[in-house]
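Visitor: Hi! I'm new to this one. Could you walk me through it?

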Amino acid sequence: MTENATTDTAPKGDLFSKFDDIIQTRETLLASGVEDPYNLVMEKVLSPTRAICNGRDTILLGTYNYMGMTFDPDVLDAGKQALADYGSGTTGSRVLNGTFQGHKECEDALKEFYGMDHAMVFSTGYQANLGIISTIAGKGDYVILDIDSHASIYDGCAMGNAEIVPFRHNDIEALEKRLRRIPEGAGKLVILEGVYSMMGDVAPLKEMIAISKKYGAMVLVDEAHSMGFIGENGRGVAEEQGVMDDCDFIIGTFSKSVGTVGGFCVSNHPKFEIMRLVCRPYVFTASLPPSVVATSATSIRKLMHGSNKRAHLWENSKVLHKGLRDLGFELGTPEAQSAIIAVIMPDLQQGAMMWEALLKEGLYVNLARPPATPAGMTLLRCSLCAEHSAEEVQTILAMFERAGKAVGIIS
């Protein structure tokens, strides 16, 4: 064998062999000449809705920045002041040296926003689900969850070693059947999401929570994709459907409508504060930097008064949904149910081609594929922002039309 020769034979016991199918799929996709959809770089962010992406001036339609708070002047000023006053980081966990005044103020803002007695801030939304679920649902307990639940929910179940009982997506009857089969007296936690992140569809929380309570289950609702703009005060789908008081736990994130990073859980349970001592992802993780909790608290308090932005975001979502449907695209929901609009693609290859065509037009969306997507489908996930102008939405529709015809998705 020459010095530069290579071999495809992996060593015995190669721990990476389990990823071979994914590696092959990616290599085949890139070999077709399309731009790598998972290696996009934003060289400069110009606003909540525009950035320089791979050298192009681009409209952002895949950032989850629903309320456009990332460049709010009050939010930025709060972060700058906290950075100057408290430094760049905490270097410790919340139960040791990692709780600063800003963390308490952020939790106070959450309690006020949701009207709840308790609030716990985590370093990410993923850790919020991981920590809360794994701590309250352990060996011998049952977690009943929608089969389309987020990965962080499944990982929280696995970490806690609870029995996982999935039910068909948004199926009220299937939920009741699962609850009926669980042994009487067993610990039961039903986990639902307000808005499901792939398709952008809303859960029938009112009916599902009523059934859960009928069978003595506690209820956790993840409102990551609904906080800020759904509900009269932006508290999410539980508020919209009038069932907030029946939720034992509400989980959320700062990385969507709040525009920063972090996660949280709010609750009215009288024993909730013990979670600060027994929740491992909270106890054994460094806390958020002071500048992040300061920006988060400021953003949360401003979201309380964001009714005009909420109304504009809803209008944007309805206009884009109807426009895409009228152009002939297949969408994930029959009407706009949230700020997420899923455009279903025939397959991964055409989805990647459509993604690239849109990027060349100057539009960024998310290319989502299995196993993240339900039913193994490929889709382009669009997430609107309250800062998108009505004119930008029309520009986006024109870009979709040109790209769709060029790729052959629409005629």
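Guide: Happy to! The chain exposes about 18,400 Å², and carbon and sulfur atoms supply 52% of it; such areas come from the Shrake-Rupley method with a 1.4 Å probe, and for residues only the protein chains shown count as cover. Please keep in mind that this is a predicted model, where local features need pLDDT of at least 70, side-chain atom pairs count only at pLDDT 80 or more, and totals for chains, interfaces and linings use all residues. Residues are numbered from 1 along each chain as its sequence is written, and side-chain values use heavy atoms, with hydrogens and water left out.

Visitor: What share of the residues count as buried?

Guide: Of the 411 residues, 54% do. Buried means under 20% relative accessible area, exposed means over 50%, and partly exposed lies in between (1.4 Å probe, protein chains only).

Visitor: And how many helices and strands are there?

Guide: The chain has 14 helices and 14 strands. Both are DSSP runs numbered from the N terminus: helices are H or I with at least four residues, strands are E with at least two. The chain's radius of gyration is 22 Å, close to the 22 Å from the globule rule for 411 residues, so it is as compact as a globular protein of that length. That radius is taken over C-alpha atoms, and the rule is 2.2 Å times the number of residues to the power 0.38.

Visitor: Which domains does the assignment give?

Guide: Domain 1 covers 31-67 + 307-407, and domain 2 covers 71-303. These bounds come from an automatic or database domain assignment. Taken over C-alpha atoms, the domain centres are 27 Å apart.

Visitor: How many residues of each are in contact with the other?

Guide: 26 residues of domain 1 are in contact with 23 residues of domain 2, where contact means heavy atoms within 4.5 Å.

Visitor: Now the sheets. What is the order in the one with 7 strands?

Guide: That open sheet runs β4-β10-β9-β8-β7-β5-β6, with mixed pairing. The edge strands are β4 (118-122) and β6 (163-167), each paired on one side only. Two strands pair if DSSP finds at least two bridges between them.

Visitor: Is β9 buried or exposed?

Guide: 5 of the 5 residues of β9 (residues 249-253) are buried, so this strand is largely enclosed by the rest of the structure. Phe249, Ile251 and Thr253 lie on one side, with Ile250 and Gly252 on the other.

Visitor: What are its neighbours doing?

Guide: β8 and β9 run parallel, joined by 3 bridges, and Val221 has Ile250 as its bridge partner. β9 and β10 (residues 263-267) run antiparallel, joined by 4 bridges; there Thr253 is partnered with Gly263.

Visitor: Which strands does helix α5 lie across?

Guide: Helix α5 (residues 151-160) lies across β5 (142-146), β6, β7 and β8, at about 165° to β5. Axes are lines fitted to C-alpha atoms, for helices over the stretch in contact, and angles run from 0 to 180 degrees between N-to-C directions. Helix α6 (residues 172-181) lies across β5, β6 and β7, at about 150° to β6.

Visitor: And the sheet with 3 strands, what is its order?

Guide: β11-β14-β13, an open sheet with antiparallel pairing. β11 (340-345) and β13 (366-368) are at the edges with a single partner strand each, so one side of each has no neighbour in the sheet. β13 pairs with β14 (residues 378-383) over 3 bridges, and Leu367 stands opposite Leu380. Helix α13 (residues 348-361) packs on this sheet, touching β11, β13 and β14.
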